[in-house]
Amino acid sequence: VAAAEPLPERRSLLAAALPFTQALLAQVGRTLARAQAALAWPEGSPPSPPPPPPPCAPLSDADLRTYLGPGGRLLRPHDLRLHVYHGGVEPGLRKVVWRYLLNVFPAGLSGQERLAHLRRKAGDYAALKALLAARAAPAELALVGAAVRKDVVRTDRGHPYFGGPEEGHPHLAALQALLTTFALGHPRLSYCQGMSDVAAPLL
């Protein structure tokens, strides 16, 4: 629709706002010019991002020891995480290093204290697993177990950890027990399809 000639009162509002708008635009221009001068940007071009840190070699056992202090206490967790982020971890060390990355250990534990902590947690898990399985009704246990089993058998069987025959496979059994225990311990959430895809890489 073609615009009609502005009404007189509308024209007076536009006229009143024009000086304010012009002053605001001038102030924005001055502020931008000062910022460009302070940052030494070339006119019209944004700053280039800082170069990424060079990739480093995967974390080795010798590297890990540089992050540990007396008694095997982790002294520089942030630096350890950065090393892993930029270089990864040697396969043989993943079982050890990922426990640090996932905050399995409370801060400041020595090597002996970490072993005791793992034993205590394993005992807690075994007790919880037995308690929840005994407390659940047989029908609920069968229903949850069947839902979990559907996903467990579809876990990436091409990966060496989960490869091999399905019957009696210890790692598939561990994944089944972990997800079933979680579902029984969280009845409002229970088991949802895809939880195995989160738990499998952690195992």
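Trainee: Which helix gives the largest share of the lining of the largest pocket, and how many residues is that?

Mentor: That's H5, with nine residues. Keep in mind that this is a predicted model. Helix H5 spans 111-135, and helix H4 (94-101), H7 and H8 also give two or more residues to that lining.

Trainee: Which residues lie nearest the centre of the largest pocket?

Mentor: Arg99, Leu102, Leu178, Leu202 and Leu203, out of 31 lining residues. The pocket's volume is about 1400 Å³.

Trainee: What makes a lining residue count as nonpolar or charged, and how many are there of each class?

Mentor: Leucine is on the nonpolar list and arginine on the charged one, so Leu102 counts as nonpolar and Arg99 as charged. By class, the lining has 17 nonpolar, seven polar and seven charged residues.

Trainee: Why is the group with Val148 and Leu179 called a nonpolar core?

Mentor: A core needs buried residues of the nonpolar kinds, joined through side-chain atoms within 4.5 Å. The largest such set here has 15 residues, and Val148, Val152, Leu175, Leu179 and Tyr191 have the most contacts inside it. H7 gives five residues, the largest share.

Trainee: What does Leu179 touch?

Mentor: Leaving out residues up to four places away in sequence, Leu179 touches Val148, Val152, Tyr191, Met195, Ser196 and Ala199.

Trainee: Which helix has the highest mean pLDDT, and which the lowest?

Mentor: Among the elements, H7 (residues 170-185) is highest at 95, and H1 (residues 8-39) is lowest at 64. Where pLDDT is low, don't read the predicted coordinates in detail.

Technical notes: Residues numbered from 1 in each chain as written. Predicted model: local features only at pLDDT ≥ 70, side-chain atom pairs only at ≥ 80, totals over all residues. Heavy atoms only, no water. pLDDT = per-residue confidence, 0-100. Helix = DSSP H or I, 4+ residues; strand = E, 2+ residues; numbered from the N terminus. Buried < 20%, exposed > 50% of the residue type's maximum accessible area, 1.4 Å probe, protein only. Contact = heavy atoms within 4.5 Å. 1 Å grid on protein atoms, 1.4 Å probe; cavity = no way out; pocket = protein on both sides within 12 Å on 5 of 7 lines; lining within 4 Å. Points joined across faces, edges and corners; volume = space filled by probe spheres on them.
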